[in-house]
Amino acid sequence: MKHKKIQKKFLLYIDGDLSETEKLLIDQHLDECAECKRHFEELANIWNEERILESPLPSPALWYDLKDRMEKEAEKSNPFRAIVGNAKLLLNSVITVGVVVIAIFIGSRFGNLLSPQNASQNVTYAQSENSRDEFGMSYFDAVPPNSIAKDIFITGLDKGGIQK
Amino acid sequence: MEETQIIEHLKNGDGFIYKYVYDQYARMVYSVCSRMTSSKEEAEDAVQDVFIRVFDSINSFREDSKLSTWIYQISVNICINKTRRKKVISFLSLDFWEEEKGEKEMAVENITPGDDLEKSELQKIVQDAINTLPAKQKTAVILSRYEELSYKEISKIMGVSLSSVESLLFRAKENLAKKLIRYKEIFQ
Ligand SMILES: [Zn+2]
């Protein structure tokens, strides 16, 4: 146990962090204990030699990586650049909306689907007398005199059609 | 260029100053980041984060310390956060236990029984031991041992008292002595 306690202080001893009294205690132990002395010498060797080894250096390309990243981050944070960057997307959206609007216009213009005037006419076609003429139905209304078909027409069709 | 001029150019966002600041401080920042992270890629990523933070937040620099102290502070914070995040991610991804085991085996494997250790082996042994320390002890050791900063400067960078720095370094060196002796013992 005593050895472990002494060994724990070795790096502090080597770096000159101990008081004179503490140093003396360790010196005394090292004179008597061969194993601790061996550990001390090995540790001093590793600790002192490693410290003076050169610090690692950054690779020369690192500045260019950083520059590249700075430019990208500047783009992200600049709203004008962001808009320019997204111009393609914006243009696509405008084209899509334009095509849809034109398609609706053409559809409503030539299909007569959305005009309220035409919509009411549809109802008229189905109900008015004129519609019968328009589709050539008035021909069938002209029932010959004394025809038995007259009774059938009177009962089968509305009055407007027959009286003509 | 005077430090006050550098700061002024940074605050003005003058284009030429970024390369200048990088050239002045890249070695220092990389030295800290490479020791505080565990791979070259991670270190280079951290260096980029540090400079972007320096350039972006220069207006929050109060100028009550040296610019280098502030840059050290940013470097340390970014590296600690990166390491912490990596630990959480690896823990969540269940590779954690495998990796922990692997790291220990790797560290032991790389110590050769002979007396003549290669430079890189020597660095690896000490770095591996430092990497196992708690974050604050590790930071204090790196700033003191490799950056050769005074206790006062370390206390400013870490935001702790002078006596805390002394205590962190004391405990760190005790821990490192135990670890390094144990590593050597395995092969003798
Ligand atoms: Zn002993």
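**Exercise 1. Where in chain B is B:Glu148 found?**

Solution. This is a predicted model, in which local features need pLDDT of at least 70, side-chain atom pairs count only at pLDDT 80 or more, and totals for chains, interfaces and linings use all residues. Residues are numbered from 1 along each chain as its sequence is written, chains are lettered from A and ligands numbered from 1 in the order in which they are written, and side-chain values use heavy atoms, with hydrogens and water left out.

Step one is to locate the residue: B:Glu148 sits in the loop between helix H7 (135-146) and helix H8 (151-158) of chain B. Helices (H or I, at least four residues) and strands (E, at least two) are DSSP runs, numbered from the N terminus. Step two concerns the backbone, where phi of B:Glu148 is near 55 degrees, a positive value in a residue other than glycine. Step three is accessibility: B:Glu148 counts as exposed, at 60% relative accessibility. Here buried means under 20% relative accessible area, exposed over 50%, and partly exposed in between (1.4 Å probe, protein chains only).

**Exercise 2. Describe B:Glu63 and B:Ile58, two residues of another loop of chain B.**

Solution. Begin with B:Glu63, which lies in the loop between helix H3 (40-56) and helix H4 (67-92) of chain B. Although B:Glu63 is not a glycine, it has a positive phi of about 65 degrees, and at 41% relative accessibility it counts as partly exposed. Then turn to B:Ile58, which is also found in the loop between H3 and H4 of chain B, but which counts as buried at 1% relative accessibility. Finally, look for a partner of B:Ile58 in space: B:Ile7 is 51 residues apart from B:Ile58 in sequence, while the C-alpha to C-alpha distance is 7.4 Å.

**Exercise 3. Work out which residues coordinate the zinc ion and how the donor atoms are arranged.**

Solution. First list the donors, which are N, O and S atoms within 2.8 Å of the metal (3.2 Å for Na, K and Ca); water is not among the atoms, so sites may look incomplete. The zinc ion is held by A:His3 through ND1, A:His29 through NE2, A:Cys33 through SG and A:Cys36 through SG, at 1.9 to 2.4 Å. Next take the angles: the four donor atoms subtend 103 to 122 degrees around the zinc ion, which makes the arrangement tetrahedral. Four donors count as tetrahedral if all angles lie between 85 and 135 degrees. Along the chain, the donors follow the spacing H-x25-H-x3-C-x2-C. A:His3 belongs to helix H1 (residues 2-8) of chain A and A:Cys36 to helix H4 (residues 34-51) of chain A, so the pair ties together parts that are 33 residues apart in sequence. Last, compare their surroundings: A:His3 is partly exposed, with a relative accessible area of 38%, whereas A:Cys36 is buried, with a relative accessible area of 0%.

**Exercise 4. Identify the aromatic pair that joins chains A and B, and describe its geometry.**

Solution. Start from the rule, by which rings of Phe, Tyr and Trp (its six-membered ring) pair if their centres lie within 6.5 Å; planes under 30 degrees apart count as stacked, over 60 as edge-to-face and the rest as tilted. The count comes to seven aromatic pairs over all chains. One of them, formed by A:Trp63 and B:Tyr22, is tilted, with 5.2 Å centre to centre and 45 degrees between the planes. A:Trp63 lies in helix H5 (residues 62-77) of chain A and B:Tyr22 in helix H2 (residues 17-36) of chain B, so the pair joins two chains. Both A:Trp63 and B:Tyr22 are buried. To finish, follow the ring pairs outward: they link A:Trp63, B:Tyr18, B:Tyr22, B:Phe51 and B:Phe55 into a cluster.

**Exercise 5. Summarise the secondary structure and the burial of each chain.**

Solution. Take chain A to begin with: it has 11 helices and zero strands, and 18% of its 164 residues count as buried. Chain B, in turn, comes to nine helices and zero strands, and 49% of its 188 residues count as buried.

Note on methods. Four donors count as tetrahedral if all angles lie between 85 and 135 degrees; four count as square planar and six as octahedral if opposite donors are over 155 degrees apart and all others between 65 and 115; anything else is irregular.
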